[in-house]
Amino acid sequence: RTEPGSIFKLATLLALLEDKYVTINSTVNCEGGSKYFYGLKISDSHGKTGTVSVKTAFAISSNVAFAKLADQYYHHQPQKFTDHLHRFRLDTLTGIDVSAASGAPVIYKPTSKYWHATSIPYMAHGYGELVTPLNMLMLYNAVANNGKMMKPYLVNSIREYGVDVQRFEPEVVVNKICSDETIAQAKECLRAVVDSADGTAHGFL
């Protein structure tokens with residue numbers, strides 16, 4: 001497990017969209033790529049960006065934009081944000097049949113002694129929490145799968161002398177992580193990461 005960084009922005013985007021605080025066409029001021037939150041500075045890794053759409057902020061992976069949006073809407077109701085992360089199973093073991101002592105994710109709750117005023121803005125862009133790559137892959141896969149989250153597994157069957165003695169079938173762990181409208185908007189943002197000229201993955205495919 002580790003701090004996931006910018007790939008965690010998908011979870012923040014889904015929460016904001018599902019609560020209808022924003023759409024992908026809403027605008028956010030990226031403050032020139034740098035802003036202080038309760039005494040601690042968050043910066044973007046790219047140029048000095050001003051006001052852009054949420055879709056563009058996601059495509060260019062603006063730390064400031066997602067820290068601002070999450071802090072604006074969840075600072076006074078942090079449990080609402082962490083409830084989304086729980087629904088996305090980012091605080092839950094994946095269930096894969098591999099033992100790993102370091103695999104348990106850590107998402108701090110507002111009641112934790114480790115919770116601070118900076119928790120929401122830092123968590124929003126992928127810091128201050130610990131998750132495994134497989135936790136994040138389950139979330140991205142659920143978006144690709146129109147909201148249905150599957151349990152990961154490595155083995156289809158166990159055979160003895162060519163005969164199946166045990167089979168493992170796909171297992172749904174969450175039927176719908178969010179609404180169809182939220183999924184559709186999230187997919188559009190994910191495409192923009194690759195398709196838009198300023199997208200952080202433009203030209204990689």
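Helix α1 is followed by K20, whose phi is positive, near 60°. The model is predicted. From K20, look back along α1 itself, which spans residues 9–18.

How many of the 10 residues of α1 are buried? The count is 9, so the helix is largely enclosed by the rest of the structure. The buried residues are K9, L10, A11, T12, L13, L14, A15, L16 and L17. A lysine, K9, is on that list. The cover over these residues includes α2 (54–59), α3, α4 (78–87), α5 (119–124), α6 (133–144) and α7. Two of these neighbours, α3 and α7, deserve a closer look.

Two packed helices are described by the angle between their axes and the distance between the axes. Start with α7, residues 180–195. The axes of α1 and α7 come within 9 Å and cross at roughly 140°. Angles over 145 degrees would count as roughly antiparallel. The two helices are therefore oblique to each other. Their crossing is right-handed. On the α1 side, the contact is made by L10, L13, L14, L17 and E18. On the α7 side, T182, Q185, A186, C189 and L190 take part. By type, the contact residues of this pair divide into 7 nonpolar, 2 polar and 1 charged.

Now turn to α3. Here the axes of α1 and α3 are 11 Å apart, and the packing angle is about 40°. That angle makes α1 oblique to α3. What is the hand of the crossing of α1 and α3? It is left-handed. From α1, the residues in contact are K9, T12, L13, A15 and L16. From α3 come N63, F66, L69, A70, Y73 and Y74. This contact divides into 8 nonpolar, 2 polar and 1 charged residue. L13 appears in the contact with α7 and again in the contact with α3.

Y74 of α3 leads on to the aromatic residues. A search of the whole structure finds 5 aromatic pairs. A pair of aromatic rings is described by the distance of the centres and the angle of the planes. Take Y21 and Y74. Their ring centres are 5.6 Å apart and their planes stand at 75°, so the pair is edge-to-face. The pair links distant parts of the chain, 53 residues apart. Y21 sits in the loop between α1 and β1 (27–29), while Y74 belongs to helix α3, residues 63–74.

Is Y21 buried or partly exposed? With a relative accessible area of 22%, Y21 is partly exposed, because buried means under 20%. Y74, at 0% relative accessibility, counts as buried. Y74 also pairs with F81. That pair is tilted, with 5.3 Å from centre to centre and 40° between the planes. F81 is buried too, at a relative accessible area of 0%. Y21, Y73, Y74 and F81 form one aromatic cluster. Y73 and Y74 of this cluster are also among the α3 residues in contact with α1.

One last stop is a glycine. G126 lies in the loop between α5 and α6. Its relative accessible area is 0%, so G126 is buried. Which residues does G126 touch, not counting residues up to four places away in sequence? They are E3, P4, G5 and F8. For a sense of distance, take Q166, which is 40 residues from G126 along the chain. The C-alpha atoms of G126 and Q166 are separated by 39 Å.

Key. Residues are numbered from 1 along each chain as its sequence is written. This is a predicted model: local features need pLDDT of at least 70, side-chain atom pairs count only at pLDDT 80 or more; totals for chains, interfaces and linings use all residues. Side-chain values use heavy atoms; hydrogens and water are left out. Axes are lines fitted to C-alpha atoms, for helices over the stretch in contact, and angles run from 0 to 180 degrees between N-to-C directions. Helices (H or I, at least four residues) and strands (E, at least two) are DSSP runs, numbered from the N terminus. Angles under 35 degrees count as roughly parallel, over 145 as roughly antiparallel, 65 to 115 as roughly perpendicular and the rest as oblique. A crossing is left-handed if the near helix is turned anticlockwise from the far one by less than a right angle, and right-handed if clockwise. Contact means heavy atoms within 4.5 Å. Ala, Val, Leu, Ile, Met, Phe, Trp, Tyr, Cys and Pro count as nonpolar, Asp, Glu, Lys and Arg as charged, and the others, Gly among them, as polar. Rings of Phe, Tyr and Trp (its six-membered ring) pair if their centres lie within 6.5 Å; planes under 30 degrees apart count as stacked, over 60 as edge-to-face and the rest as tilted. Buried means under 20% relative accessible area, exposed over 50%, partly exposed in between (1.4 Å probe, protein chains only).
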